Amino acid sequence: MTNFKTLDNFKRLNEVQKEAVLHDKGPLLVLAGAGTGKTGVLTTRLSRLLIENIALPGEILSVTFTNKAANEMRSRVSDQIGDKASGLKWLGTFHSIGAQILRTYPEKIGLKNDFIILDTDDQTRLLKQLIRDENIDDKKWSPKGLLNLIDKWKNKGILPGNISRDDGDYFANGKGAILYRKYQDQLKFFNAADFGDLILECIRLFNENQDILEQYQNRFKFMLVDEYQDTNSSQYSLLKLLSNKWMNICCVGDDDQSIYSWRGAEVSNILRFEKDFPNAKVIRLEQNYRSTGNILAAASRLIESNESRFGKTLWTSSSEGEKVSITSTWDGEEEARIITDEIERYSLNNKNLDEIAILVRASFQMREFEDRFISVGLPYKVIGGPRFYERKEIRDANAYFRIAIQPNDSLALERILNTPRRGIGETTIKKIKDYSKNNNISTIEAIKDLIKTSEIKPKTKISLKNFVELTDRWHSLLNERSHYELAEIILEDSGYLEMLRNDDSITAAGRLENIKELFRSIEPFESLNAYLEHIALVMEIDKNPDGNKVSLMTLHAAKGLEFDYVYLPGWEEGVFPNQRSLDEGGIESLEEERRLAYVGITRAKIKSSIFYAANRKMHNQWLSSIPSRFINEMPEDNLEINLSHFSGNQKSFTDIEEDTFDQSDYSTPGWERAKIESSIKNLENNQPKIIKNSNAKYSKGSIVIHKKFGQGKVESVDGKKLTIDFGESGTRKVMENFVESLN
Ligand code: ATP
Ligand code: MG
């Protein structure tokens, strides 16, 4: 047997990390800040269990947050111990593990083995129908609202029978609980589960079947959980149930990185751990191995502004490295241009694009970057976020595949019954649906019955008959043709491809391309079913994920990852912290936004670069913006401020000090000089550089000029924020850096 302690991965660990890896039996909680090696500890611990034959691969349950993280963990363990890592059947996300358990005992919870996993689109359509059936006004009580509510209940592990009156009253004057029950019944009727069910129904399965629970409890001799701070109540209950026999559960997490409360994550699970697992050992790691001194100092100070946190000290033996840069730009386009230019320069210097990431607060910010990347030919990948398979044409194609496999899949069928148009109108669809409901049969069965009657107009009848024949044919071809050939046959026969070919809108060509890409992506799977299962579960689809590409993703998707260079655009009030979040959740949400900022900055090993744009187009309107408060919460010693906007020239404070203020250096000299002078003044006064500036340059009545809004008159001054009347362009709040005095 290889001596585990001689492996390089173990040898390099510090003493506290080793303690966690070698912790023998019993519950263990590793609570530590970003980049301290939590995930590393978990992976090394997993290797140790296998290499020292403490447990077999099938006896270890390892849970991580995304499929990407699970794949990474698997490959890290393989690198460490080779073949011994094969057979880690229970390494995955909570959802994939839940699905695996439910597929073993579907009948115990009222499903069949080939049950489908619904996405939010299907869920919403189903809920809309249920709301209407109850004669509730779905304008006032929206399906999305009900979906959120049901999601919340599921995250908390609440079944329809356990809803308290108060909770049930949330929706449509007390109808919430009834709708939830009906929804669950409908899911069973459609042989479907939603994401929440993958955990909730596991818990029900275990609670109602002690023997099955014991079987899993016996199996999982060891359990490992990464990103523990973001587990929700249901997931916690599942962990607790499963670990109850051996109690060998090791959770690692960081309260400062809890960023999924909107999905029901409860950071209080960290506190519960010590209570529920009485003899739990708690280990804290304090040395950060990921980032340079400046990155760590800036992030640590930022997160100190949060009040609800355990508090921790982090240190690094790395050098100070480059400062965290703060760059202001004119607008989002310039932001994307500057960042792309910089990445291209890195790339010319043989820096690996895989080591560069752009992390945005909201997915709308991505478009600007995608446009730019495409236009300059910079290879990139979008991780998480609006995914390939969330595109309409991909969803439609999937619905077709679903009915080929399971003609009784009514949700899928209803989606494409009249796409492309087959002359099957609303009235006919309603007739079909009513018939199916009244007779408790699927939509396709209802169609088959109805075309034998005179209920439906002859012309429509022909369309429906053709449609039924097609679905029968596809179903019969399932075992006749390869699944990827069949996929093409289906979309060709159905007229879907023809519809796209005949569509002369700008997007049609792209959609056709996407469908072609879809065919390519289906091929490697064993079957259409395997492909559908995959897309229901994966967090991201990438054509060539291994290629050398810049990563573009949301901050949420970046959790646990690391890159040499990290770009953080859009640090503006309203964008980040996100306005909706602030409006809805007050101080708690602000703290969660700050944790997101902390997660963002700490993804970088070498450099974090923050950007804010002076103007943003939102909902077709130009808005001028104010730099994020988070910028001001970081210590200026660790920051480098770039005053590049409008000109594209990036200058740090040091550059400016050495500069002779040669106006010819700037494309808009007066403009730039005003900004530089004001900044230098700040520097001399040793003021924090960006927002806090009591030396207001303008006062009520000052006449100013703004590059976009033209001439205006200052109405009021709040620090560096000016309210200016721009006449025809309206009254706007603008940072003083972005106007020039005309007085
Ligand atoms: P996060 O909180 O962001 O999830 P983490 O605590 O899980 O971070 P890891 O991703 O495990 O941290 O490790 C961060 C980096 O530090 C990795 O590049 C890892 O290889 C490195 N690292 C961890 N421990 C050591 C060590 N003892 N010696 C050298 N490098 C280490
Ligand atoms: Mg980690």
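Are tryptophan 90 and tyrosine 216 buried or exposed? Keep that in mind as you open this predicted model; the tour starts at the ligand and comes back to these two residues.

**Stop 1: ligand 1.** Select ligand 1 and show what surrounds it: you should find 19 residues, the closest being Lys38, Thr39, Gln257, Glu562 and Arg603. By type, this shell holds three nonpolar, ten polar and six charged residues. Now zoom in on the oxygen atoms of ligand 1. One is 2.6 Å from a side-chain N or O atom of lysine 38, threonine 39 brings a polar side-chain atom to 2.8 Å from a ligand oxygen, and arginine 12 does so at 3.0 Å. On its own the ligand has 630 Å² of accessible area, and the protein covers 88% of it.

**Stop 2: the surroundings of the ligand.** Colour helix H3 (residues 38-51), which gives the most to the shell, with three residues. Then colour domain 1 (4-103 + 200-287) and domain 3 (324-379 + 549-684): both contribute to the shell, so ligand 1 lies between them.

**Stop 3: aromatic rings.** The whole structure has 23 aromatic pairs. Select tryptophan 90 and tyrosine 216, an edge-to-face pair with centres 6.0 Å apart and planes at 90 degrees. Tryptophan 90 sits in the loop between helix H4 (67-81) and strand S3 (91-93), while tyrosine 216 belongs to helix H11 (residues 210-219), 126 residues away. And the opening question? Both residues are buried.

Next add phenylalanine 220: its ring centre is 5.3 Å from that of tryptophan 90, with the planes at 80 degrees, so this pair is edge-to-face. Phenylalanine 220 is buried as well. Finish by showing Trp90, Phe206, Tyr216 and Phe220 together, a cluster linked by ring pairs.

Definitions and conventions
Residues are numbered from 1 along each chain as its sequence is written. Chains are lettered from A and ligands numbered from 1 in the order in which they are written. This is a predicted model: local features need pLDDT of at least 70, side-chain atom pairs count only at pLDDT 80 or more; totals for chains, interfaces and linings use all residues. Side-chain values use heavy atoms; hydrogens and water are left out. A residue is near a molecule or strand if one of its heavy atoms lies within 4 Å of it. A polar contact is a pair of N or O atoms within 3.5 Å; within protein, one must be able to donate a hydrogen and the other to accept it, and residues adjacent in sequence count only if both atoms are side-chain atoms. Accessible areas come from the Shrake-Rupley method with a 1.4 Å probe; for residues, only the protein chains shown count as cover. Helices (H or I, at least four residues) and strands (E, at least two) are DSSP runs, numbered from the N terminus. Ala, Val, Leu, Ile, Met, Phe, Trp, Tyr, Cys and Pro count as nonpolar, Asp, Glu, Lys and Arg as charged, and the others, Gly among them, as polar. Domain bounds come from an automatic or database domain assignment. Rings of Phe, Tyr and Trp (its six-membered ring) pair if their centres lie within 6.5 Å; planes under 30 degrees apart count as stacked, over 60 as edge-to-face and the rest as tilted. Buried means under 20% relative accessible area, exposed over 50%, partly exposed in between (1.4 Å probe, protein chains only).
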